[in-house]
Amino acid sequence: YQRRVRGIRVIMEPAIHGLSSKARCLTAVAGEHEKNRFLVGTFSAKEKDGNEIQLLEVNVVENDIELMHIFPHAASVWSLETSPFDPNLFFSCYVSVNERKSSMRASLWRMKESFNDSSLEEVVELKGHAGSVKKVLWNKTIESSVCSFDNSSIKTWKLAEGTAAELTNIPLGDVRKLTSATLDPHFDDQVATTVDESVIVWDIKSNKYNLFQFLHYVSC
(Lines give C-alpha, C1' and ligand atoms only; values in the text may rest on other atoms or scores of the structure.)
Protein backbone atom coordinates (compact mmCIF):
# COMPACT_ATOMS: atom_id res chain seq x y z
CA TYR A 1 0.00 0.00 0.00
CA GLN A 2 0.97 3.67 -0.27
CA ARG A 3 1.35 6.41 2.33
CA ARG A 4 2.86 9.88 2.39
CA VAL A 5 5.97 10.62 4.46
CA ARG A 6 6.84 14.34 4.58
CA GLY A 7 4.89 14.90 1.40
CA ILE A 8 6.59 12.04 -0.46
CA ARG A 9 4.52 9.09 -1.63
CA VAL A 10 6.16 5.90 -0.35
CA ILE A 11 5.19 2.34 -1.29
CA MET A 12 5.11 0.21 1.87
CA GLU A 13 5.40 -3.56 2.12
CA PRO A 14 2.44 -5.23 3.86
CA ALA A 15 2.90 -6.14 7.53
CA ILE A 16 2.37 -9.89 8.06
CA HIS A 17 1.61 -11.84 11.22
CA GLY A 18 1.49 -15.65 11.31
CA LEU A 19 -1.10 -17.63 13.30
CA SER A 20 -0.87 -21.01 14.98
CA SER A 21 -4.04 -22.18 13.20
CA LYS A 22 -6.60 -21.03 10.63
CA ALA A 23 -8.79 -18.08 11.54
CA ARG A 24 -12.38 -17.18 10.63
CA CYS A 25 -12.70 -13.82 12.34
CA LEU A 26 -10.77 -10.61 12.91
CA THR A 27 -12.10 -7.47 14.57
CA ALA A 28 -10.82 -4.12 15.83
CA VAL A 29 -10.82 -3.45 19.57
CA ALA A 30 -13.52 -0.79 19.43
CA GLY A 31 -13.05 0.42 23.01
CA GLU A 32 -9.33 1.17 22.50
CA HIS A 33 -8.99 4.78 21.34
CA GLU A 34 -5.24 5.36 21.64
CA LYS A 35 -3.72 2.25 20.04
CA ASN A 36 -4.45 0.27 16.88
CA ARG A 37 -5.45 -3.09 18.39
CA PHE A 38 -7.21 -6.10 16.95
CA LEU A 39 -8.48 -9.49 18.09
CA VAL A 40 -8.21 -12.60 15.94
CA GLY A 41 -9.72 -15.98 16.84
CA THR A 42 -8.41 -19.31 15.58
CA PHE A 43 -10.49 -22.18 14.25
CA SER A 44 -9.18 -25.69 14.73
CA ALA A 45 -11.50 -28.68 14.32
CA LYS A 46 -9.22 -30.81 16.51
CA GLU A 47 -10.03 -30.17 20.16
CA LYS A 48 -6.60 -31.40 21.29
CA ASP A 49 -4.92 -28.63 19.29
CA GLY A 50 -6.79 -25.99 21.26
CA ASN A 51 -7.76 -22.55 20.02
CA GLU A 52 -6.82 -19.06 21.04
CA ILE A 53 -7.63 -15.37 20.87
CA GLN A 54 -4.66 -13.24 19.90
CA LEU A 55 -4.42 -9.55 20.80
CA LEU A 56 -2.46 -7.71 18.13
CA GLU A 57 -1.20 -4.15 17.98
CA VAL A 58 -0.38 -2.45 14.69
CA ASN A 59 2.39 0.15 14.60
CA VAL A 60 1.65 2.26 11.54
CA VAL A 61 4.92 4.22 11.77
CA GLU A 62 7.11 1.11 11.92
CA ASN A 63 4.78 -0.88 9.63
CA ASP A 64 4.79 -3.73 12.15
CA ILE A 65 2.31 -6.06 13.88
CA GLU A 66 3.14 -6.94 17.49
CA LEU A 67 1.62 -9.89 19.32
CA MET A 68 0.60 -8.49 22.71
CA HIS A 69 -1.10 -11.49 24.35
CA ILE A 70 -2.37 -14.99 23.59
CA PHE A 71 -5.55 -16.02 25.40
CA PRO A 72 -6.44 -19.74 25.36
CA HIS A 73 -9.95 -20.40 24.03
CA ALA A 74 -10.93 -24.08 24.10
CA ALA A 75 -13.58 -23.92 21.37
CA SER A 76 -13.29 -22.91 17.71
CA VAL A 77 -14.07 -19.22 17.27
CA TRP A 78 -16.56 -18.25 14.57
CA SER A 79 -17.29 -14.63 15.42
CA LEU A 80 -15.98 -11.80 17.62
CA GLU A 81 -17.60 -8.56 18.82
CA THR A 82 -15.70 -6.10 21.02
CA SER A 83 -17.19 -3.60 23.44
CA PRO A 84 -17.21 0.02 22.20
CA PHE A 85 -16.82 1.12 25.84
CA ASP A 86 -14.32 -1.26 27.48
CA PRO A 87 -11.25 -2.51 25.55
CA ASN A 88 -11.04 -5.62 27.74
CA LEU A 89 -14.52 -6.97 26.97
CA PHE A 90 -15.64 -8.96 23.92
CA PHE A 91 -18.17 -11.58 22.83
CA SER A 92 -17.20 -14.74 21.00
CA CYS A 93 -19.48 -17.13 19.13
CA TYR A 94 -17.96 -20.59 19.28
CA VAL A 95 -18.61 -24.27 18.61
CA SER A 96 -19.73 -26.31 21.60
CA VAL A 97 -19.79 -30.12 21.42
CA ASN A 98 -22.06 -31.91 23.89
CA GLU A 99 -23.05 -35.59 23.69
CA ARG A 100 -21.77 -35.80 20.11
CA LYS A 101 -23.92 -32.82 19.09
CA SER A 102 -22.41 -29.51 18.12
CA SER A 103 -24.00 -26.09 18.49
CA MET A 104 -22.95 -22.46 18.43
CA ARG A 105 -22.94 -20.56 21.71
CA ALA A 106 -22.05 -16.99 22.69
CA SER A 107 -20.21 -15.74 25.76
CA LEU A 108 -18.94 -12.42 27.06
CA TRP A 109 -15.26 -12.51 28.07
CA ARG A 110 -12.93 -10.23 29.98
CA MET A 111 -9.27 -10.19 29.02
CA LYS A 112 -6.73 -10.27 31.83
CA GLU A 113 -3.56 -8.62 30.63
CA SER A 114 -0.53 -9.01 32.87
CA PHE A 115 2.94 -10.56 32.77
CA ASN A 116 1.78 -13.43 34.99
CA ASP A 117 -1.75 -13.95 33.72
CA SER A 118 -2.98 -13.86 30.13
CA SER A 119 -6.34 -15.54 30.52
CA LEU A 120 -10.01 -15.03 29.75
CA GLU A 121 -12.69 -14.69 32.40
CA GLU A 122 -16.16 -15.73 31.24
CA VAL A 123 -18.48 -12.97 32.42
CA VAL A 124 -21.78 -14.40 31.15
CA GLU A 125 -23.21 -16.69 28.47
CA LEU A 126 -26.21 -15.69 26.39
CA LYS A 127 -28.59 -18.57 27.07
CA GLY A 128 -32.02 -19.07 25.55
CA HIS A 129 -31.48 -19.46 21.82
CA ALA A 130 -33.21 -22.47 20.27
CA GLY A 131 -30.55 -22.75 17.57
CA SER A 132 -26.91 -21.93 17.04
CA VAL A 133 -25.94 -18.33 17.79
CA LYS A 134 -24.48 -16.82 14.63
CA LYS A 135 -23.56 -13.30 15.76
CA VAL A 136 -23.64 -10.85 18.67
CA LEU A 137 -23.80 -7.09 18.09
CA TRP A 138 -23.03 -4.42 20.70
CA ASN A 139 -25.07 -1.24 20.76
CA LYS A 140 -22.72 1.65 19.99
CA THR A 141 -24.49 4.15 22.28
CA ILE A 142 -25.94 2.03 25.12
CA GLU A 143 -23.21 0.15 27.00
CA SER A 144 -25.51 -2.50 28.50
CA SER A 145 -27.39 -3.32 25.27
CA VAL A 146 -26.52 -6.17 22.88
CA CYS A 147 -28.45 -8.31 20.41
CA SER A 148 -27.83 -11.85 19.19
CA PHE A 149 -29.02 -13.92 16.23
CA ASP A 150 -29.74 -17.47 15.26
CA ASN A 151 -31.59 -18.87 12.25
CA SER A 152 -35.00 -18.37 13.83
CA SER A 153 -34.86 -15.31 16.06
CA ILE A 154 -33.28 -12.01 17.10
CA LYS A 155 -32.86 -11.45 20.83
CA THR A 156 -31.96 -8.27 22.68
CA TRP A 157 -30.25 -8.35 26.08
CA LYS A 158 -29.44 -6.06 28.97
CA LEU A 159 -26.04 -6.68 30.59
CA ALA A 160 -25.52 -5.97 34.28
CA GLU A 161 -23.10 -7.26 36.92
CA GLY A 162 -22.25 -10.54 35.24
CA THR A 163 -25.83 -11.23 34.10
CA ALA A 164 -27.70 -10.99 30.81
CA ALA A 165 -31.45 -10.39 30.93
CA GLU A 166 -33.41 -11.15 27.76
CA LEU A 167 -35.54 -8.14 26.78
CA THR A 168 -37.09 -9.06 23.44
CA ASN A 169 -37.38 -12.10 21.20
CA ILE A 170 -38.26 -11.48 17.56
CA PRO A 171 -39.15 -14.60 15.52
CA LEU A 172 -37.72 -14.51 12.01
CA GLY A 173 -40.47 -16.66 10.55
CA ASP A 174 -39.73 -18.77 7.46
CA VAL A 175 -36.00 -18.16 7.37
CA ARG A 176 -33.79 -20.81 5.84
CA LYS A 177 -30.40 -19.34 6.59
CA LEU A 178 -29.29 -16.15 8.30
CA THR A 179 -25.72 -15.42 7.23
CA SER A 180 -24.83 -12.01 8.70
CA ALA A 181 -26.19 -9.00 10.57
CA THR A 182 -25.22 -5.44 11.43
CA LEU A 183 -26.70 -2.58 13.44
CA ASP A 184 -27.71 0.66 11.75
CA PRO A 185 -25.03 3.25 12.69
CA HIS A 186 -27.68 6.00 12.94
CA PHE A 187 -30.69 4.23 14.49
CA ASP A 188 -30.07 1.95 17.47
CA ASP A 189 -33.34 0.07 17.03
CA GLN A 190 -32.73 -1.04 13.44
CA VAL A 191 -30.69 -4.02 12.35
CA ALA A 192 -30.01 -5.37 8.86
CA THR A 193 -29.71 -9.10 8.24
CA THR A 194 -28.80 -11.12 5.16
CA VAL A 195 -31.13 -14.09 4.69
CA ASP A 196 -30.79 -16.32 1.65
CA GLU A 197 -30.78 -13.89 -1.33
CA SER A 198 -32.41 -11.04 0.60
CA VAL A 199 -31.56 -8.22 2.98
CA ILE A 200 -34.12 -7.73 5.77
CA VAL A 201 -34.05 -4.55 7.88
CA TRP A 202 -35.76 -5.06 11.24
CA ASP A 203 -37.13 -2.46 13.63
CA ILE A 204 -36.52 -4.08 17.01
CA LYS A 205 -39.02 -1.90 18.88
CA SER A 206 -42.01 -2.44 16.58
CA ASN A 207 -41.04 -5.92 15.28
CA LYS A 208 -41.62 -4.70 11.72
CA TYR A 209 -39.30 -5.22 8.78
CA ASN A 210 -38.52 -4.19 5.21
CA LEU A 211 -37.52 -6.83 2.71
CA PHE A 212 -35.04 -6.15 -0.11
CA GLN A 213 -34.64 -8.97 -2.61
CA PHE A 214 -31.79 -9.21 -5.08
CA LEU A 215 -33.04 -10.89 -8.23
CA HIS A 216 -29.85 -10.47 -10.24
CA TYR A 217 -26.20 -10.91 -9.44
CA VAL A 218 -23.54 -8.54 -10.71
CA SER A 219 -20.13 -10.05 -11.36
CA CYS A 220 -17.08 -7.86 -10.82
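**Exercise 1. With which residue does Lys140 form a salt bridge, and how far apart are the closest N and O atoms?**

Solution. Keep in mind as you work that this is a predicted model.

Step 1: Look for the partner. Lys140 pairs with Glu81, and the closest N and O atoms are 3.8 Å apart.

Step 2: Check the cut-off. A salt bridge needs a side-chain nitrogen of Lys or Arg within 4 Å of a carboxyl oxygen of Asp or Glu, so the pair qualifies at 3.8 Å.

Step 3: Place both ends. Lys140 sits in the loop between β11 and β12, while Glu81 belongs to strand β7, so the salt bridge ties together parts 59 residues apart in sequence.

Step 4: Compare their surroundings. Lys140 counts as exposed at 51% relative accessibility, whereas Glu81 is buried at 10%.

**Exercise 2. Work out what else Glu81 reaches from its strand.**

Solution.

Step 1: Find the strand. Glu81 is part of β7, which covers residues 77-82.

Step 2: Look for another salt bridge. Lys135 also pairs with Glu81, with the closest N and O atoms 4.0 Å apart. Because Lys135 lies in strand β11 and Glu81 in strand β7, this pair joins parts 54 residues apart in sequence.

Step 3: Put the pairs together. Glu81, Lys135 and Lys140 form a network of salt bridges.

Step 4: Add the backbone. The Glu81 side chain comes to 3.1 Å from the backbone nitrogen of Trp138.

Step 5: Survey the neighbours. Leaving aside residues up to four places away in sequence, Glu81 touches several residues, including Phe90, Phe91, Val136 and Leu137.

**Exercise 3. Describe how strand β11 is arranged.**

Solution.

Step 1: Sort the side chains. In β11 (residues 135-138), Lys135 and Leu137 point one way, Val136 and Trp138 point the other way, and all are buried.

Step 2: Find the pairing strand. Four bridges connect β11 to β12 (residues 145-149), and the two run antiparallel. One detail to locate: Leu137 has Cys147 as its bridge partner in β12.

Step 3: Name the motif. β11 and β12 make a hairpin, with six residues between them.

**Exercise 4. Find a salt bridge between Asp86 and an arginine, then set it in the whole chain.**

Solution.

Step 1: Identify the arginine. The side chains of Asp86 and Arg110 meet at 3.6 Å, N to O.

Step 2: Locate them. Asp86 is in the loop between β7 and β8, and Arg110 is in strand β9, 24 residues apart.

Step 3: Check exposure. Arg110 is partly exposed, at 32% relative accessible area.

Step 4: Step back. The salt bridges number six, and the protein chain has zero helices and 18 strands.

Conventions
Residues numbered from 1 in each chain as written. Predicted model: local features only at pLDDT ≥ 70, side-chain atom pairs only at ≥ 80, totals over all residues. Heavy atoms only, no water. Buried < 20%, exposed > 50% of the residue type's maximum accessible area, 1.4 Å probe, protein only. Polar contact = N/O pair within 3.5 Å; in protein donor to acceptor, adjacent residues only side chain to side chain. Contact = heavy atoms within 4.5 Å. Pairing = 2+ DSSP bridges.
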